[in-house]
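Reader: Please give me a close look at one part of this model, namely how its charged side chains pair, and set that part in its surroundings.

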Amino acid sequence: MNTIIKRRVSREVKVGEIRVGGNAPIVVQSMTNTDTADIDKTIEQVVALSKAGSEIVRITVNTAEAAQSVPIIVKELRRQSCYTPLVGDFHFNGHKLLTEFPDCAKALDKYRINPGNVGRGSKKDEQFATLIELAIRYEKPIRIGVNWGSLDQDMLARFMDENATTANPLSIEELTRKALVASALESAHMAQRLGLQENNIILSCKVSGVQDLIHVYRDLAARCDYPLHLGLTEAGMGSKGIVASSAAMGILLQEGIGDTIRVSLTPEPKGDRTLEVRVAQELLQTMGLRAFTPMVTACPGCGRTTSTYFQELASDIQEFLRNSMPLWKTQYKGVENLHVAVMGCVVNGPGESKLANIGISLPGSGERPVAPVYVDGEKTVTLKGDNIADEFKAIVTDYIKRKYQ
């Protein structure tokens with residue numbers, strides 16, 4: 001997809017068969033919220049996330065039972081033709097689990113290491129070194145993922161002591177942001193000194209505040225060429241989490257910062273985990289950075305559109321396009337770039353419809369009960385009656401078959 005956004009230059013890292021950084025497309029990532037020791041539920045959720053479009057999936061590896069389950073999960077995923085790379089998320093005991101369960105270490109495609117949770121005191125460097133040595137042994141890339149809520153306290157204390165002696169001390173917020181970036185970079189440099197190649201390292205510095213995330217990633221991007229995993233941690237539920245993530249990441253993506261992204265939404269009780277994947281895809285697509293599924297333009301409605309018919313048709317068409325994509329993308333190259341407009345009245349309906357590949361302008365209140373359809377800017381047919389939705393879907397399907405051969 002054409003875009004005027006110039007990406008920051010970074011190294012390329014391979015995660016399984018997925019390219020991250022370099023000139024590769026920005027990658028959508030997600031994470032399961034199942035107990036990894038529950039093999040069936042974890043497999044089910046990984047498959048669902050993968051089908052939704054998650055290109056990398058992270059799973060929790062926190063117990064011996066979870067570590068033992070990983071190779072079984074990977075084997076079954078491959079049997080189901082799911083080849084999405086799996087990342088092991090390690091905190092506190094990763095050095096032990098990867099050492100004691102080599103099949104787990106081999107089966108994972110990447111390790112996520114949090115420097116703040118590797119260990120304390122004299123054990124910290126030793127346990128970090130063990131993780132890096134295992135990554136080297138099994139030829140796995142790592143993500144050094146620093147988090148606002150689990151920042152290395154020894155490093156923060158060091159920064160606070162130094163800050164106290166300066167003429168113009170930083171605020172606690174500024175100091176914490178500085179420590180986050182330093183933790184990520186120092187850990188990456190240590191990993192390289194231990195022998196890990198720089199093209200096997202991805203960095204992240206996650207915070208929960210929009211302005212903090214922007215400050216941290218601008219600083220991090222200016223100081224290294226490692227690929228950056230972008231995400232607002234603990235973004236929240238529903239519209240708040242979506243808005244906060246989009247506001248923070250949208251600014252950074254516009255500046256060319258970010259090689260993988262995750263939208264960390266808190267799901268509603270028994271909610272759909274795949275929502276975070278759809279939001280990430282829609283963020284990238286609406287910014288013109290990638291295309292995943294045909295986009296639908298629809299008006300918000302006003303006093304001219306007292307009927308809910310156009311709303312129902314817009315929802316129906318959007319669901320139809322998304323549900324059809326798994327098959328379409330294997331048959332019709334470029335179909336993800338299709339633009340469809342479903343408009344509610346004569347004010348903007350014809351104009352928006354002409355600008356889309358295919359558009360329909362439904363009658364508003366008091367207008368003639370007809371719906372002109374535009375294909376590539378030209379009016380081709382006028383629909384009316386009770387079967388407008390099915391007839392319009394048929395027009396869309398026919399257009400796809402002709403246009404994207």
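**Salt bridges and their setting**

Author: Arg7 is partly exposed, with a relative accessible area of 22%, whereas its partner Asp259 is buried, at 1% (buried means under 20% relative accessible area, exposed over 50%, and partly exposed in between, with a 1.4 Å probe and protein chains only). The model is a predicted one, in which local features need pLDDT of at least 70 and side-chain atom pairs count only at pLDDT 80 or more, while totals for chains, interfaces and linings use all residues. Residues are numbered from 1 along each chain as its sequence is written, and side-chain values use heavy atoms, with hydrogens and water left out.

The closest N and O atoms of Arg7 and Asp259 are 3.0 Å apart, which makes the pair a salt bridge, a term for a side-chain nitrogen of Lys or Arg within 4 Å of a carboxyl oxygen of Asp or Glu. Arg7 lies in the segment before strand S1 (12-15) and Asp259 in the loop between helix H9 (238-254) and strand S11 (260-261), so the bridge ties together parts that are 252 residues apart in sequence; helices (H or I, at least four residues) and strands (E, at least two) are DSSP runs, numbered from the N terminus.

The loop between H9 and S11 also holds Glu255, and because its partner Arg218 sits in helix H8, this pair links parts 37 residues apart in sequence. Their side chains meet at 2.6 Å, N to O, and both count as partly exposed, Glu255 at 35% and Arg218 at 38%. Salt bridges with shared partners also join Arg7, Arg8 and Asp259 into one network.

A further bridge runs between Arg158 and Glu186, with the closest N and O atoms 3.0 Å apart. Arg158 belongs to helix H6 (residues 153-164) and Glu186 to helix H7, so parts 28 residues apart in sequence are tied together. Arg158 is partly exposed at 36%, as is Glu186 at 35%. Across the whole structure, a search finds 21 salt bridges.

Helix H8 (residues 210-223) also contains Asp212, which counts as buried at 16% relative accessibility. Leaving aside residues up to four places away in sequence, Asp212 touches Trp148, Arg177 and Val207, where contact means heavy atoms within 4.5 Å. By the same kind of count, Leu253 touches residues including Ile5, Gly258 and Ile261.
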